[in-house]
Amino acid sequence: AYEIIDYAYVEMGVENGGDAMPSDPEDPWDVNGNAASDAFDKGAWWVDYIDLDDAWAYEDYNNMDYYNDIKVGVVDICFDDDHEDLSGVFRYLESQPSNLYRNHGTHVAGIIAAKADNEKGMAGTTLNNGSLVAYDIGTASQLSLGHTTGVSKVIENGAKVVNFSQGHLDGAFVSAAKNCMEKYLKKGYDFIIVQSAGNEGRPFDKNGFFCGIDAKNTDLLDRIIVVSNITDTGMLAEDSSSGNGKNDFNLIAAPGTDIYSTIRRNEIGSNSGIKGYNHMGGTSMAAPIVTGVCSLVWSVKEELTGPEVVDIVMSTTVGTATKNPNSNAKAGMGIINAKAAVEKAIDQLFDYHGTITDATTGKGIANADITLVYYKEGKNGTFAGYYETDANGNYITEQGEFVFNVTPKDNTSDNL
């Protein structure tokens with residue numbers, strides 16, 4: 001006999017053996033059946049490092065797809081929207097003509113939303129759930145106007161998470177960034193900004209724009225995440241900017257070194273040898289990884305607010321970045337973890353949590369299979385779904401009235 005204890009709090013995990021890996025032949029994380037080694041060789045070491053593959057598994061977990069489509073804004077320089085891995089995921093807004101840093105925007109865009117399972121190139125963080133609203137900020141003479149105009153345009157066109165892998169060496173345009181956020185919050189828009197910390201090895205507030213908004217503006221800071229760059233060892237990259245001792249509570253670390261992504265489709269990558277793909281590094285590459293994870297989190301539960309998404313991502317970091325001996329930049333910020341963040345969002349979907357215990361021993365029944373059959377609700381006796389308890393006998397299900405058929409590891413079963 002088994003006992004159900006209702007409403008016991010639990011965060012469900014998933015053990016993933018690689019089934020969620022996208023099937024793209026040049027994809028850094030699923031080449032020749034050896035995802036781990038090839039991922040590191042190709043520069044996608046970060047997928048495993050932040051448990052992104054485990055987060056991806058929730059696209060098909062217990063017969064449910066937890067992700068919904070979400071619009072993601074990218075304000076950057078130069079996009080190849082006809083790239084084989086990006087065409088069809090872009091909505092290209094008005095832009096200024098530019099030939100500066102010609103691969104920057106394309107590389108950032110690929111990290112976020114390159115198409116998965118298309119047998120080409122790579123897969124973006126959002127795993128086909130993110131559609132890009134992109135704005136090209138133009139050439140150097142147009143940058144001051146282009147940055148905030150771009151943020152405004154992507155928000156107006158529905159972007160919930162805005163990637164801003166930009167900055168200013170003199171720490172300028174903080175007021176313009178502040179005014180931009182306040183304007184759209186007053187209009188009722190709900191969004192968050194993810195900005196790169198900069199690559200000067202100094203306090204991130206010197207990077208300008210959203211990085212420079214201070215602690216007095218708490219209503220804005222709870223919608224901003226600033227991202228530092230770590231290497232595959234968890235060490236802060238030598239040139240990465242970092243904390244300023246004031247607003248560090250919205251600073252996070254993410255992989256940004258040797259990141260493989262899209263570049264102009266006709267260009268051979270200088271260090272990849274592959275047409276249309278190359279490795280790049282910097283906080284500009286770390287920021288879109290965080291943007292992608294934020295987008296997955298928000299897509300799980302669309303009713304979340306921007307500050308709630310930021311809180312989920314910031315509160316589920318795993319480990320901390322270590323100091324680089326060749327840099328004076330501060331370390332110690334949390335490292336983003338996609339699996340933990342997504343699971344916290346999924347946990348908020350369910351009002352029904354429970355534990356199945358052995359009535360004799362009082363211990364949870366680990367790894368038991370649960371078959372749900374509708375009880376009443378006009379569907380009496382029809383199949384409702386498969387679930388599984390975790391190592392402690394905990395489970396989560398959709399809401400409703402059900403008959404539970406529980407099958408423990410010993411293959412005995414009982415209806416509850």
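Biologist: Hi! Let's start with helices α4 and α8: at what angle do they pack, and how far apart are their axes?
Modeller: Hello! In this predicted model, α4 (residues 104-113) and α8 (residues 283-300) pack at an angle of about 30°, and their axes are 8 Å apart.

Biologist: Okay, are they roughly parallel or roughly antiparallel?
Modeller: Roughly parallel to each other, because angles under 35 degrees count that way.

Biologist: And is the crossing left-handed or right-handed?
Modeller: The crossing of α4 and α8 is right-handed.

Biologist: Which residues meet there?
Modeller: From α4 you have H104, H107, V108, I111 and I112. Across from them in α8 are S284, M285, P288, I289 and T291.

Biologist: How many of those are nonpolar, polar or charged?
Modeller: Sorted by class, the contact of α4 with α8 has 6 nonpolar and 4 polar residues, with no charged ones.

Biologist: New topic! Which residues of α9 are buried?
Modeller: Helix α9 covers residues 306-315, and its buried residues are G306, V309, V310, I312, V313 and M314.

Biologist: What do they pack against?
Modeller: They pack against three strands, β6 (192-196), β7 (224-230) and β8 (251-255), and also against the helices α8 and α10 (338-347). So α8, the partner of α4 we just talked about, turns up again here.

Biologist: Cool. How many salt bridges are there?
Modeller: The count comes to 7 salt bridges. Side chains of opposite charge can pair when their charged atoms come close.

Biologist: Which residue does R265 pair with?
Modeller: With D80, and their closest N and O atoms are 2.3 Å apart. This pair links distant parts of the chain, 185 residues apart. R265 sits in the loop between β9 (259-262) and β10 (277-280), while D80 is in the loop between β2 (70-76) and β3 (90-92).

Biologist: Is D80 buried or exposed?
Modeller: D80 counts as buried, at 7% relative accessibility. R265 counts as partly exposed, at 35%.

Biologist: And where do K178 and E182 lie?
Modeller: Both are in helix α6 (residues 174-186), 4 residues apart, which is about one turn of the helix. Their side chains meet in a salt bridge, 3.0 Å from N to O. K178 is partly exposed at 26% relative accessibility, and E182 is partly exposed at 22%.

Biologist: Last one: what does D190 form with R223?
Modeller: A salt bridge, with the closest N and O atoms 2.6 Å apart. D190 lies in the loop between α6 and β6, and R223 in the loop between α7 (218-221) and β7, so the pair ties together parts that are 33 residues apart in sequence. R223 is buried, with a relative accessible area of 12%.

Definitions and conventions
Residues are numbered from 1 along each chain as its sequence is written. This is a predicted model: local features need pLDDT of at least 70, side-chain atom pairs count only at pLDDT 80 or more; totals for chains, interfaces and linings use all residues. Side-chain values use heavy atoms; hydrogens and water are left out. Axes are lines fitted to C-alpha atoms, for helices over the stretch in contact, and angles run from 0 to 180 degrees between N-to-C directions. Helices (H or I, at least four residues) and strands (E, at least two) are DSSP runs, numbered from the N terminus. Angles under 35 degrees count as roughly parallel, over 145 as roughly antiparallel, 65 to 115 as roughly perpendicular and the rest as oblique. A crossing is left-handed if the near helix is turned anticlockwise from the far one by less than a right angle, and right-handed if clockwise. Contact means heavy atoms within 4.5 Å. Ala, Val, Leu, Ile, Met, Phe, Trp, Tyr, Cys and Pro count as nonpolar, Asp, Glu, Lys and Arg as charged, and the others, Gly among them, as polar. Buried means under 20% relative accessible area, exposed over 50%, partly exposed in between (1.4 Å probe, protein chains only). A salt bridge is a side-chain nitrogen of Lys or Arg within 4 Å of a carboxyl oxygen of Asp or Glu.
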